Amino acid sequence: MGSAEITHPFHPLRGQRFVVLKIRRMSGVETLSLRHASMGSFAVRRDWTDWAPPGTPSEPTEANLPLLIDVTGLLALADLVVSIKHKTRA
């Protein structure tokens with residue numbers, strides 16, 4: 001498949017090039033499985049390498065971060081807290 005260089009400014013392996021074993025999507029993020037001579041294989045985000053599409057920022061921005069919780073989840077959490085409070089008072 002070729003090789004990829006890690007370009008993320010804070011990655012400890014920045015500037016090093018590794019053989020690409022495969023491309024996968026994990027938690028909605030494209031990752032590359034890379035081969036390291038002594039560590040074996042490891043995964044790194046595609047946008048942290050020179051395989052990122054041109055103009056892609058090397059660090060996630062608020063616009064492309066996945067939601068951690070939504071309104072439905074907050075309402076369910078509020079119902080759970082209320083039910084626990086009622087049970088502890090009884």
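**Overview. Salt bridges in the predicted model.** A search of the whole structure finds four salt bridges, and the model in which they occur is a predicted one. The views that follow show three of these pairs, and a further view turns to a nonpolar patch on the surface.

**View 1. Arg-17 and Glu-5 form a salt bridge between two strands.** The closest N and O atoms of Arg-17 and Glu-5 are 3.5 Å apart. The pair links distant parts of the chain, with Arg-17 in strand β2 (residues 17-26) and Glu-5 in strand β1 (residues 3-5), the two residues being 12 residues apart. Arg-17 counts as partly exposed because its relative accessibility is 44%, and Glu-5, with a relative accessible area of 26%, is likewise partly exposed.

**View 2. Arg-17 also meets Asp-50 in a salt bridge.** The side chains of Asp-50 and Arg-17 come to an N to O distance of 2.7 Å. This pair, too, links distant parts of the chain: Asp-50 lies in the loop between β4 (40-45) and α1 (71-89), whereas Arg-17 belongs to strand β2, and 33 residues separate them. With a relative accessibility of 36%, Asp-50 counts as partly exposed, because this value falls between the 20% limit for buried residues and the 50% limit for exposed ones.

**View 3. Arg-45 and Asp-47 are joined by a salt bridge.** Their side chains meet at 3.0 Å, taken from N to O. Arg-45 is partly exposed, with a relative accessible area of 23%, whereas Asp-47, at 14%, is buried, since buried residues are those under 20%. Elsewhere in the structure, salt bridges that share partners join Glu-5, Arg-17 and Asp-50 into one network, and Arg-17 is the residue that pairs both with Glu-5 and with Asp-50.

**View 4. A nonpolar patch on the surface includes Leu-80.** The patch is formed by Leu-74, Leu-77, Leu-80, Val-81 and Ile-84, which together have about 430 Å² of accessible area. Leu-80 is placed in helix α1, the helix that spans residues 71-89. Leu-80 is partly exposed, with a relative accessible area of 45%, and this value satisfies the requirement of over 30% relative accessible area that applies to residues of a patch.

Definitions and conventions: Residues are numbered from 1 along each chain as its sequence is written. This is a predicted model: local features need pLDDT of at least 70, side-chain atom pairs count only at pLDDT 80 or more; totals for chains, interfaces and linings use all residues. Side-chain values use heavy atoms; hydrogens and water are left out. Helices (H or I, at least four residues) and strands (E, at least two) are DSSP runs, numbered from the N terminus. Buried means under 20% relative accessible area, exposed over 50%, partly exposed in between (1.4 Å probe, protein chains only). Patches are made of residues with over 30% relative accessible area and no salt bridge: like charges are joined within 9 Å, nonpolar side chains (Val, Leu, Ile, Met, Phe, Trp, Tyr) within 5 Å. Accessible areas come from the Shrake-Rupley method with a 1.4 Å probe; for residues, only the protein chains shown count as cover.
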